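These are my notebook entries on a structure I went through one topic at a time. I wrote down what I looked up and what came back.

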Amino acid sequence: MRNTIVERSAQRITESGSNSAESKTQKSSPRFFQFARWFRRTGWRHCVAVVACCFAGFPILYILSASLNQQGTLMSANNLFSHVAIDNYIQLFHLPEQPYGDWYINTIVIGLSTAISSVVVGALAAYAFSRLRFAGRRVGLLALILLQMFPQILSIVAIYLLLTNIGYIVPALGIDSQLALICVYLGGALGTNTYLMYGFFNTVPKEIDEAAKIDGAGHARIFFTIILPLVTPILAVIALLSFIGTVSEYAVASTVLVAPQKQTLAVGLYAFVSQQFSQNWGLFSAGAVLAAVPVVIFFLFLQRYIVSGLTAGSVK
Amino acid sequence: MIQHDSSPSRKDIRKKKQANRVASQASTRIGTMLIKIVLLGLVDALSAYSAFMLAEQGNWIILSIVVATTIVVNWIYFRRDGLVAKYLTPGLIFLLIFQLFAICYSTYIAFTDYGTGHNSTKEQAISSLIQSSQRRVQGSASYKISIVECGKTLNFLVTMPHGEAQIGSEKTPLHEVASATKDDAGQAVSTPGCSTLSFNDLLSRQDEVTSMRVPMSADSQDGTLKTADGQTALVYKSLLKYDAAKDIMINTQTRVRYYDTGVGAFTSKGGSRLSPGWQINVGISNFRQVFTSQEMRGPFLQVLVWTIEFSVISVASTFVLGLLLALVFNNSRMKGRAVYRSILILPYAFPAFLSALVWQGLLNEKFGYINQVLLHGVDIPWLESPALAKIAVLIVNLWLGFPYMFLVSMGALQSIPKDLSEAAELDGANAWQIFRLIKFPLLLVSIAPLLISSFAMNFNNFNLIYMLTNGGPINANTNMNVGSTDILISMVYKIAFVGADRNYGLASAFSIIIFIVVAVVSAIGFRASRSLEELN
Amino acid sequence: MAVFSKRSIVAAAAMTSAMLVALTGCGSTGASNTNASVSAGSSTITVWADADHTATLKSVAAEFTKKTGVKVKLVQKDMGSIEQDMITQIPAGKGPDVAIGPNDWTGLLATDGVIQPIELGNMKSAYQKVAIDAFNYNGNIYGLPYSVENVALIRNTQLAPNAPSSWDDMATTATAAKTKYPYLLQVGSQGDSYTMYPVQTSFGSFVFGQNSDGSYNAKKLTVGDANGLAFAKWVQTQAKAGNLSTSMTADIALSKFEQGQSPYIITGPWNISAIQKAGIKIAVDPIPSAGGQAAKPFVGVNGFFLSAKSKNKLAATNFLTTYIGSEKVQQALFKSGGVPSALTKAYNAEAQSDSVIQGFKKAGENGVPMPNITQMSSVWQYLNAAEVSIINNQGDSSTLWNNMADSIKSSIAKQS
């Protein structure tokens with residue numbers, strides 16, 4: 001209640017403030033002051049944004065330039081865009097031993113499956129931690145996060161042995177199975193992500209559940225039809241994080257996936273430059289540029305959920 | 001369902017409401033139940049299938065685990081209570097199978113000497129030793145052979161250099177054969193009473209054939225015939241002999257005896273070892289080595305300090321930059337935010353370890369883009385000087401890591417109720433005060449856990465170090481293969497996978513220590529941030 | 001379980017039927033799978049190879065299968081992961097029957113007991129001696145060689161029409177041709193003592209002493225002698241003159257040569273096709289001496305290893321000795337990888353028709369086999385690090401070189 005009053009009065013004040021400012025600027029030298037006001041409010045933000053974009057973007061430009069350069073060495077890209085040819089991009093899809101097209105599809109399929117499954121599995125757990133009261137709840141949550149901190153490099157051998165043995169029993173889940181890789185990734189679904197979701201679940205007032213419960217809704221219904229829609233933004237964030245994490249994961253993917261046509265982009269691309277005597281930076285850069293496209297699209301697609309989905313009012 | 005449609009009395013409305021509720025409840029119940037049944041059916045089908053396979057293989061221990069797990073899972077989902085288990089089981093199953101197994105396995109390995117020369121069982125080591133100790137007798141001939149089966153034993157039907165045929169098996173040394181049919185090339189191919197193996201027969205029994213040793217004569221000094229391809233045989237003498245009864249390896253030439261002295265390899269009285277050896281349990285000696293070995297302690301401490309610096313600075317710098325940008329963009333009046341955001345997210349969209357490779361090129365002292373173009377041809381030894389290499393690693397990690405913090409801060413800022421800051425504005429607080437006193441504390445509540453786990457992730461940020469500097473520049477004055485930008489995990493990698501003396505057991509011990517350090521620091525961090533408590 | 005309601009019983013019944021449906025599906029595929037594996041298990045060999053060689057091996061495998069009925073499962077792997085994966089997988093009863101790899105893995109793989117000797121019998125003499133020696137470890141031949149490679153001096157014939165008579169001659173020619181670099185010698189941030197080894201040997205500095213049979217003697221460490229110090233001093237002088245730099249990676253050296261910024265580059269046959277594609281006319285010469293003695297490059301040999309746990313030893317051996325070892329296949333592998341064959345007959349044929357190969361052959365004539373003993377990896381590690389710090393001028397060359405020799409000595413002492 002108090003908040004709405006505050007809000008209303010705040011609104012009134014900002015309105016009157018801006019009115020007075022406008023009337024002032026109209027009196028004297030309107031252009032300069034308009035600019036100054038614009039700069040103070042949003043203009044400087046653009047300056048920061050441009051600087052940040054330069055920092056974030058120049059290595060990317062460099063990769064882009066290298067990808068358009070046929071010379072195949074990285075340093076030849078120093079004169080940005082001195083050669084522009086799309087040969088690398090064309091060649092990328094005509095290598096019989098390096099099926100780039102397959103890698104691309106695999107990466108998207110594995111990435112999306114992992115992202116969606118992680119969100120579902122993580123949200124289920126987060127709901128339990130947020131809404132249900134049970135012994136060992138806090139310790140359990142902490143343990144989940146801490147378990148994910150085990151250094152992964154050495155788990156590779158364990159995962160290899162495990163999948164080999166599972167493969168004797170269920171061949172579809174053995175080494176060289178993409179399904180098995182997704183399962184391994186799901187092993188990390190409970191952890192930081194769950195914690196992030198847990199925090200957001202907590203911001204959804206319990207009264208909503210209780211009201212639904214009084215209306216006779218079962219726990220599953222409350223979870224899927226009431227709670228989940230309210231926490232869409234965090235689900236989108238988790239989906240994006242886990243998609244990106246999967247797309248750029250190398251160590252496990254390179255161990256589990258053996259056949260070239262089953263591998264992911266990260267594994268395949270690395271092979272272009274891992275051999276000192278047959279490095280091909282042109283192909284590598286072209287492949288990396290294309291690899292970034294789905295991530296960017298996925299981000300753009302989820303952006304509105306991430307940024308504007310969670311307005312404070314709707315949850316209160 | 002609702003039959004009477006008279007004028008709506010209060011009672012009727014209540015009834016209707018109730019009926020609706022029951023109906024909708026029932027329909028969702030059936031819907032969820034169907035999904036539940038299908039999913040559980042799949043799980044049960046999978047485990048029933050694996051149970052059959054396991055039974056066929058006679059693997060009863062795993063079989064009982066699978067059956068027990070399946071029963072528990074079904075019980076969890078069919079009973080009315082136990083909501084917690086219903087929500088946690090899907091994630092926990094994957095966690096238990098993949099994460100926990102890896103941790104348990106590493107822990108087990110940490111107590112063994114698994115590594116170069118100690119990577120299999122004793123049985124395999126013996127067979128490897130015997131396999132590689134076969135020496136061809138100098139100057140001996142190569143014999144054309146056919147493999148024939150007489151009764152139930154396999155024999156070599158050998159064409160001797162002068163054309164006569166001899167026959168022998170593992171038990172009976174070579175001797176004249178009464179009569180043998182020869183092919184056009186003069187090679188004996190069959191003999192009465194025995195059937196000759198075709199090439200396909202050979203392939204299906206190749207293990208048997210290639211392991212055959214046919215003595216040349218009753219005198220063992222003459223050596224044995226052995227074939228690798230089923231067509232030609234050569235004379236070998238074994239340099240090593242294994243005496244199973246006494247469990248000793250004997251060198252047949254020098255007569256030196258090698259004993260199993262419990263060090264995971266056959267060892268002579270003089271202390272020389274045969275390799276390969278086998279994997280044994282070494283107790284806590286790997287852990288002891290981490291803390292007491294003189295030559296390891298120095299590098300270990302140096303690396304530990306840098307690892308902590310690296311992860312703390314990385315978290316701080318990425319968070320500050322990410323948050324700053326999120327704040328800058330947290331203004332609905334600003335135009336073009338979507339474009340900026342998409343550009344800022346780009347570093348995150350490229351697989352991190354691939355970008356690290358590109359940065360290595362960018363930072364090249366004489367030819368890199370940064371020195372050559374951005375800084376107009378200066379020679380800054382970014383990756384050559386120990387101090388600058390550390391700075392370079394931090395800059396690259398800032399580039400790689402700030403988009404994550406940007407995303408997370410952006411989300412968290414949205415969740416802070418606007419009216420709070422507006423109320424403060426009303427009270428005359430300036431933007432900085434609003435941020436410091438209202439937004440930041442609230443933000444920290446939801447982000448602190450992420451900062452802690454980001455610390456843990458950077459603590460183990462192997463990809464960056466491996467791809468960018470590979471730990472270098474190497475300090476030429478230490479004996480360990482450790483460079484000035486090596487963090488603990490990249491050092492562990494070098495111990496386990498690089499060089500001729502790979503020590504997987506020691507590396508596992510290291511990784512467990514790292515795990516404990518990270519977990520303790522993080523647990524303290526969680527405590528300190530009190531985020532768990534506050535959110536309750 | 002008294003709480004089982006009617007609903008649960010219905011559900012259980014429904015689930016059983018769902019399970020049965022799923023089971024029948026799995027069951028049928030499962031059965032066909034086992035059948036297939038029974039007939040294939042006895043006669044399928046698994047071969048690991050890198051991307052450069054899979055295409056050639058595919059056709060070899062097809063021919064092999066046609067002739068013998070043995071199926072070949074060709075697995076394309078990243079060269080960098082083959083060695084470690086063999087060590088991890090073969091003891092677990094998995095992994096390949098046959099795997100491609102360079103000869104310097106031999107010592108480690110044999111120490112780990114994951115490879116077994118290949119009996120070449122009388123065919124040994126058909127291969128170049130250096131190729132067989134390279135796979136000789138403790139008296140056994142552990143690999144079937146297919147190619148032999150060494151670095152040589154590649155000369156841009158437009159900038160330098162004649163082969164240099166000495167190391168300094170290169171600088172004279174380069175000054176006359178007005179190129180930026182007298183010669184290109186890759187170092188990289190991690191060091192590259194392999195490419196630099198011919199220069200080092202021209203000072204009379206070797207890593208190990210050799211036994212009478214040509215194998216290396218890890219107990220005779222000679223790297224720290226006076227010749228080595230002379231070489232170290234030379235390296236530092238060249239670095240100060242700007243001729244050697246850790247910024248000069250393999251990638252950059254190649255592109256500088258392609259841009260005509262130097263008449264000379266020291267590199268191996270693997271880069272020839274790229275150089276020719278860039279339109280540079282080249283000749284291949286022996287590396288001139290910088291220290292007064294003959295420059296001896298390392299001769300590396302690539303081959304195929306046979307797994308110690310192969311269940312198809314007979315078929316795998318047959319595949320290696322009669323197929324991979326044939327002149328036809330060796331030449332096909334040369335065509336796909338650009339590195340000349342190990343089989344003498346094939347090698348001579350290649351050298352006859354190709355002046356570039358002839359040049360490499362001549363440069364490698366006094367080369368020394370790439371060591372395959374496990375101790376070599378400590379040598380690489382410390383030698384590379386020492387060269388990097390000398391080039392980056394991080395101390396007195398003699399001190400750094402002596403430190404390196406001590407480190408190698410203590411590291412080897414620890415291993416045995």
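Entry 1, a serine in chain A. I began with A:Ser155 and asked which residues it touches once those up to four places away in sequence are set aside, and the lookup returned A:Phe150 and B:Ala102. I note here that the model is predicted. A:Ser155 lies in helix α6 of chain A, and because its relative accessibility is 6%, under the 20% cut-off, I entered A:Ser155 as buried.

Entry 2, helix α16 of chain B. The helix to which I turned next runs over residues 488–497, and I found that 10 of its 10 residues are buried, so I describe α16(B) as largely enclosed by the rest of the structure. Among those buried residues I listed B:Tyr493, B:Lys494 and B:Phe497, along with B:Ser490 and B:Met491. I then asked what the buried residues of α16(B) pack against. From chain B the partners are α8 (294–329), α14 (431–459), α15 (462–468) and α17 (504–529), while chain A contributes α6 (155–169) and chain C contributes α3. Just after α16(B), I noted that B:Gly499 has a positive phi of about 90 degrees.

Entry 3, cavities. I asked how many cavities of 30 Å³ or more the structure holds, and the count was 9. I followed up the second largest cavity, whose volume is about 100 Å³. Its lining draws on chain A through A:Val157, on chain B through residues including B:Tyr114, B:Asn119, B:Ala496, B:Arg502 and B:Tyr504, and on chain C through C:Gln84, C:Ile87, C:Thr88 and C:Asp112. B:Ala496, which appears in this lining, is also one of the buried residues of α16(B). Which element gives the most to the lining of this second largest cavity? I found that it is helix α3 of chain C (residues 79–89), with 3 residues. Sorted by class, the lining comes to 5 nonpolar, 5 polar and 2 charged residues.

Entry 4, chain C as a whole. I recorded 16 helices and 13 strands for chain C, and of its 416 residues 59% are buried. Taking the contacts between residues at least 6 apart in sequence, I found that 76% join residues at least 24 apart. The accessible surface of the chain is about 15600 Å², and carbon and sulfur atoms account for 54% of that surface.

Entry 5, helix α6 of chain C. Within residues 167–177 I found C:Trp167, C:Met170, C:Thr173 and C:Ala174 buried. Viewed down the axis of α6(C), the buried residues fall within an arc of 110 degrees, so I can say that they line one face of the helix. For the spacing I reminded myself that an α-helix has 3.6 residues a turn, so residues three or four places apart point the same way. On the other side of α6(C) I listed C:Asp168, C:Thr172, C:Thr175 and C:Ala176 as exposed. The cover over the buried residues includes strands β7 (152–156) and β10 (264–267) as well as helices α7 (193–201) and α8 (226–240) of chain C. After α6(C) comes C:Lys178, for which I noted a positive phi near 60 degrees.

Entry 6, a serine in chain C. I closed with C:Ser378, which sits in helix α15 (residues 376–391) of chain C. I asked whether C:Ser378 is buried or exposed, and with a relative accessible area of 3% I entered it as buried. I also looked up its separation from C:Leu306, 72 residues apart along the chain, and the C-alpha atoms are separated by 25 Å.

Methods:
Residues numbered from 1 in each chain as written. Chains lettered and ligands numbered in written order. Predicted model: local features only at pLDDT ≥ 70, side-chain atom pairs only at ≥ 80, totals over all residues. Heavy atoms only, no water. 1 Å grid on protein atoms, 1.4 Å probe; cavity = no way out; pocket = protein on both sides within 12 Å on 5 of 7 lines; lining within 4 Å. Points joined across faces, edges and corners; volume = space filled by probe spheres on them. Nonpolar A, V, L, I, M, F, W, Y, C, P; charged D, E, K, R; others polar. Buried < 20%, exposed > 50% of the residue type's maximum accessible area, 1.4 Å probe, protein only. Arc of directions from axis to C-beta. Contact = heavy atoms within 4.5 Å. Areas by Shrake-Rupley, 256 points an atom, 1.4 Å probe, with all protein chains shown as cover.
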